[in-house]
Amino acid sequence: MTVEDKTLTTRRYAHELTPFIKQDLDNIRNVIKEETGFDILNKSRKREFVDARRVFIAVVYEKYDLDANKMHNAYLFLHLLTIRLLCKYLGYRQHSSVLHLRKNFKDYCEQDLQLNYLYCKVTLASNSDIDARLNSLQKQRQVYLEKLQSINIDIQKINGFKYKI
């Protein structure tokens, strides 16, 4: 493999959480806290807290596509959220805790209908945040396009006055 081939297959990883990703993780965390009453950052090993963390990790995995199987095909892609950064956010020292919670999530979800319901509810709430942000950005885009159109009309008027004199 030549040097050029190696540069084409390099993956770039963020070393810190971006403010947008941190805000998104906080929003998911707050939705879970509102639904369950449990804070996922609490270090408790009680079942309720662990289930809340399990749902959080499952939602984040799905939203940011953190599956290791898919990451090896993502060449030249900047990964804004990695398992290491997710562990740092949750206060874990090792990534194995996150991997274990993710690995067993489907089994627990099949057995516990409340866990499945919570997962669906949090997923819908986290996706509605994206839809609201997208709608907001589309409205801002429309406002800027209207301003640009009025500026272009003003420029045409100014150019018209130059030639009439």
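In this predicted model, helix α3 passes α5 in a right-handed crossing. Eight side chains do the touching: Phe-56, Ile-57, Val-60 and Tyr-61 come from α3, while Ile-83, Leu-86, Tyr-89 and Leu-90 come from α5. It's a greasy patch in the plainest sense, with eight nonpolar residues and no polar or charged ones. As for the geometry, the two axes come within 12 Å and cross at roughly 150 degrees. That puts α3 roughly antiparallel to α5, because the angle is over 145 degrees.

Next up is α5 itself. This helix is mostly covered, with six of its eight residues buried. The buried set is Ile-83, Leu-85, Leu-86, Cys-87, Tyr-89 and Leu-90. Between them, these buried residues pack against α2, α3 and α6. Just past the end of α5 sits Gly-91, with a positive phi of about 85 degrees.

The other helix pair to look at is α2 with α3. Here, too, the crossing is right-handed, α2 passing α3. On the α2 side the contact draws on Ile-21, Asp-24, Leu-25, Ile-28, Arg-29, Ile-32 and Thr-36, and on the α3 side it draws on Ala-52, Val-55, Phe-56, Val-59, Val-60, Lys-63 and Tyr-64. Sorted by class, that makes ten nonpolar, one polar and three charged residues. The axes of α2 and α3 lie 10 Å apart, at an angle of about 140 degrees. The pair therefore counts as oblique.

So what holds the middle of all this? In soluble globular proteins, nonpolar side chains tend to be buried together. In this model, the largest nonpolar core has 32 residues, and Val-55, Phe-56 and Val-60 touch the most other members. Two or more residues each are supplied by α2 (19–36), α3 (47–64), α5 (83–90), α6 (96–103), α7 (105–111) and α8 (113–164). The top contributor is α3, with ten residues.

Phe-56 is worth a closer look, as a residue that turns up in the contact of α3 with α5 and again in the contact of α2 with α3. Leaving aside residues up to four places away in sequence, Phe-56 touches Leu-25, Ile-28, Arg-29, Ile-32, Ile-40, Leu-86, Tyr-89 and Leu-90. Among these partners, Leu-86, Tyr-89 and Leu-90 are buried residues of α5, while Leu-25, Ile-28, Arg-29 and Ile-32 belong to the α2 side of the α2 and α3 contact.

How values were computed: Residues numbered from 1 in each chain as written. Predicted model: local features only at pLDDT ≥ 70, side-chain atom pairs only at ≥ 80, totals over all residues. Heavy atoms only, no water. Core = buried A, V, L, I, M, F, W, Y, C linked by side-chain atoms within 4.5 Å. Buried < 20%, exposed > 50% of the residue type's maximum accessible area, 1.4 Å probe, protein only. Helix = DSSP H or I, 4+ residues; strand = E, 2+ residues; numbered from the N terminus. Contact = heavy atoms within 4.5 Å. Axes fitted to C-alpha atoms, helices over the stretch in contact; angles between N-to-C directions. Parallel < 35°, antiparallel > 145°, perpendicular 65-115°, else oblique. Left-handed = near helix turned anticlockwise from the far one by under 90°. Nonpolar A, V, L, I, M, F, W, Y, C, P; charged D, E, K, R; others polar.
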